[in-house]
Amino acid sequence: MRTSKKMKKVMLVGTVALTTLVSSACGNGNNAAESSGDSGDKVTLSFMHPWTSPNVDNEVYKARIAEFEKTHPNIVIKQDGVASAQYKTKLRTLAAANSLSDINVVWPGADLQPLVAGDLLLPIDSEMANWSSILPEDALAGFNQGGKQYAIPTKQTFVDIVYYNKEMFSSIGYEAFPDAYDKFIDAVKKLKEKNITPISLGNKEKWPLQSSILSTLQERFVGSDFLQKVLNKEAKFTDPQYVKALSVIEELTKLKAFNTDANNMDSVQAQDYFIQGKAAMHISSSTVDSRIRITNEEGDKFGIALMPSVEGGLGDAKKSAGVVQFGIAINSELDEKKKQAALEFMKFFVNEELYKELISKGVVVPAKVDIPEDASKYLKEMIALTGNGTSPVFDSVIPTQITDVMQNGLQAITVGVSTAEKVAQDVQTALDNLK
Amino acid sequence: MHTLKGTKYAIFFGLLPALIIYLGIAVVPIGMSAYYSVMNWDGIQPMAFVGIDNYTEIFKDDIFWMTVKNNVFIMLTGIVGQIPAGLFLALLLNRKMRGAGFFRTIGFLPVVISSVMVSLIWGMVYNTEYGMLNSILSSIGLESWRQNWLGDTSWSLISISITYIWQNCGLFMVIFLAALQNIPTEVNEAAELDGATGFKKSMLITIPMIRGTILVTAVYSISNSFRVFDLIQIMTGGGPAHVTEVMTIYMYNNAFMNMRFGYGSAVSVLILLFSLIVVSIVNRVAKEKDA
């Protein structure tokens, strides 16, 4: 009996201790890299990034790292690729253990804030001359806190692109994507009548409804400055207009607009579902355009659009919700030699070349560079669609804990155990109780 | 006298490494968790002492009580499912028969497969569109029984429990098999001479003989059920809308997703307390029966 108790304690604590162990192990890795850097002429820099899946842009990034190592034989980049779904968790855990890699990929806004508050990242204002001619201020704003710049973005992602199957829409009499909310709902109903799943949704990870769908509805109903107003306590999530935005998800649920297994599917499975022609729409980020259209032989079947305007809405129907992504940031605690090497890497890695390579692969970038001749027509279409102003994405403004309440609330609406009013109330309460 | 003293030191030094490891990976982290649990800490900025605030907040959180309820559900279905199923399989395989080794291996297989694989496999079985379970139901004419097994709030926890039972009953089977094989052959022979065979022998002789083992497995099953994490995290992520969330996932989400390490630590202290309470109740009940 004693042993079983002991065992249990060991196991229980294991759950808590696991992350500590993992992070301290990584910390040791860092130290090892440091000592090897000091002993010889070579400097080794650790670089943690989420570029593990075989995307076109990930390949560009990796090729760029390889190129750097070739031209800088005295600097070794030790890569730590973490699957993107787990990346943020690992970054936060390493930050908690104060053992971030030398160079890290970071997210802007609410995600960057705690790292800056903990003095974990190096301000790079003195280096900004390298990028000032190609990066507009609004591309840098998300990585600027308290007047200091902490990272440089590599790509721009619009999260609320509606991909639609042109054939299916034409079969219900829509030759173009509906331009008003009423028509959109009408299309959903007609698709349903024809036994076509209107929208493929993979919400198991809980962020797609929040990030891709709520962000766009929010813009249409309450406008771009609403979230900031809520944080400043000048508005509330319970305001009737915001509840209306949430009740769209309730309405879509009642119309059975989503596939039945939306909460068991991940976002990639939902893309597959759409590409295979099992649903008429899929609402996701501009990043998946390369899968759905650019590298897909049947890409012409699919069109892109934004969620249409709503009657009485306070926002702009032309704006797309977007964030700049993959900020490259440097650990604040590097010695002089490593710091210089890291800055050298950063200058090489994020420059005009990188942006051009990304564009030619169909990736939207935040930089002002000429669009090359060989850019795909899909990319040009995407740039035209998203070029009319950017509205905020929910989780890039609202703190993580509150986003968590919202995400679970949205999921609750889709399984019919909650309502728009109740979710708005819960999220507002969580915000009021925030410490 | 002299030699005895020497032996004492030898025993002490012999136990020392194990003691240090045990302290390092069990006692110290529990202490650290308890310490963090009275702090407000985002993991990066300095900790702030908040006393029992985390605990009062947890007790007021409906979602926490929902996760406790879910843990109790997993615990009860675990005990009711795993122990009888393990015992039944053990009784079945505890005889001289052809291929017994093969069947024992099959029975034990789920225990050896990693939880990640188990979750992925069962995720496919339960899949609404092309899952095995729904396909079987359709093919035998029970179309109307098809369900959204993991996505429907009324089915998801039950579906997970079934996977959990399947995953663990093999381990109980092996423990029971070992116990059954320790029953002296004289007892079995005496029972058979007195005319007890088959079901009667199992109920009146075999099962009472391994009562101690059954109690140990019950305690094990309870403490196991409070630790369940990976299975649910992978199959549903605690969703939809918290209906399959258990205390460990609640702790994980708060500590590592929401960056509230103090709050998460408080939850982990509560998990420890809860399982200690339930285990001590079981031990007490068992002792009373012995007396």
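Q: Is A:Asp225 buried, partly exposed or exposed, and how is that read?
A: Relative accessible area decides it, and partly exposed is the class between 20% and 50%. In this predicted model, A:Asp225 counts as partly exposed because its relative accessibility is 42%. Its salt-bridge partner, A:Lys229, is also partly exposed, at 33%.

Q: How far apart are the N and O atoms in the salt bridge of A:Asp225 and A:Lys229?
A: Side chains of opposite charge can pair when their charged atoms come close. For A:Asp225 and A:Lys229 the distance from N to O is 4.0 Å. The cut-off is 4 Å.

Q: Which elements hold A:Arg291 and A:Asp272?
A: These two side chains form a salt bridge, with the closest N and O atoms 2.6 Å apart. A:Arg291 lies in helix α12 (residues 289-294) of chain A and A:Asp272 in helix α11 of chain A, so the pair ties together parts that are 19 residues apart in sequence. A:Arg291 is partly exposed, with a relative accessible area of 35%. A:Asp272 is partly exposed too, at 24%.

Q: Are A:Lys338 and A:Asp102 buried or exposed?
A: Both are buried. Their side chains meet in a salt bridge of 2.9 Å, N to O. A:Lys338 belongs to helix α13 (residues 336-349) of chain A, while A:Asp102 sits in the loop between α3 and β3 (103-106) of chain A, so the salt bridge ties together parts 236 residues apart in sequence.

Q: How many salt bridges does the structure hold, and which residues are linked in a network?
A: Over all chains there are 19 salt bridges. A:Lys88, A:Arg92 and A:Asp111 are linked in a network of them.

Q: How many salt bridges are there between chain A and chain B?
A: The count is 0. Polar contacts are another matter: 9 residue pairs make them between chain A and chain B, both residues being at pLDDT 80 or more. On the side of chain A that touches chain B, the elements giving two or more residues are α1 (2-39), α3 (84-96), α4 (113-117), α11 (267-275) and α17 (400-414) of chain A. The largest share, 12 residues, comes from α1(A). By type, the residues of this side divide into 16 nonpolar, 14 polar and 10 charged.

Q: What area is buried between chain A and chain B?
A: About 3900 Å² is buried, and carbon and sulfur atoms give 64% of that. The contact takes 40 residues from chain A and 48 residues from chain B.

Q: Which residues does A:Asn263 contact, leaving aside its neighbours within four places in sequence?
A: They are A:Asn203, A:Lys204, A:Gln411, A:Thr414, A:Val415 and, from the other chain, B:Pro240. A:Asn263 is found in the loop between α10 (240-254) and α11 of chain A, and counts as buried because its relative accessibility is 9%. A:Asn203 is 60 residues away from A:Asn263 in sequence, yet their C-alpha atoms are 4.8 Å apart. The side chain of A:Asn263 also makes polar contacts with the side chains of A:Gln411, at 3.4 Å, and A:Thr414, at 3.2 Å.

Q: Why is helix α12(B) called largely enclosed?
A: Burial can be counted along a helix. In α12(B), 9 of the 11 residues are buried, so the rest of the structure largely encloses the helix. Among them are B:Met247, B:Ile249, B:Tyr250 and B:Phe256. B:Asn254 is in this helix, which covers residues 247-257, and is buried at 8% relative accessibility. Beyond its neighbours within four places in sequence, B:Asn254 contacts B:Met259, B:Arg260 and B:Tyr263.

Q: What is the sign of phi in B:Met259, A:Asp119 and A:Lys233?
A: Most residues other than glycine have a negative phi. B:Met259, which follows α12(B), has a positive phi near 60 degrees. A:Asp119 has a positive phi of about 55 degrees and lies in the loop between α4 and α5 (137-140) of chain A. A:Lys233 has a positive phi near 65 degrees and lies in the loop between α9 (226-231) and α10 of chain A. A:Asp119 is exposed, at 58%, and A:Lys233 is exposed, at 60%.

Notes. Residues numbered from 1 in each chain as written. Chains lettered and ligands numbered in written order. Predicted model: local features only at pLDDT ≥ 70, side-chain atom pairs only at ≥ 80, totals over all residues. Heavy atoms only, no water. Contact = heavy atoms within 4.5 Å. Buried area = accessible area lost by both parts, 1.4 Å probe. Polar contact = N/O pair within 3.5 Å; in protein donor to acceptor, adjacent residues only side chain to side chain. Helix = DSSP H or I, 4+ residues; strand = E, 2+ residues; numbered from the N terminus. Nonpolar A, V, L, I, M, F, W, Y, C, P; charged D, E, K, R; others polar. Buried < 20%, exposed > 50% of the residue type's maximum accessible area, 1.4 Å probe, protein only.
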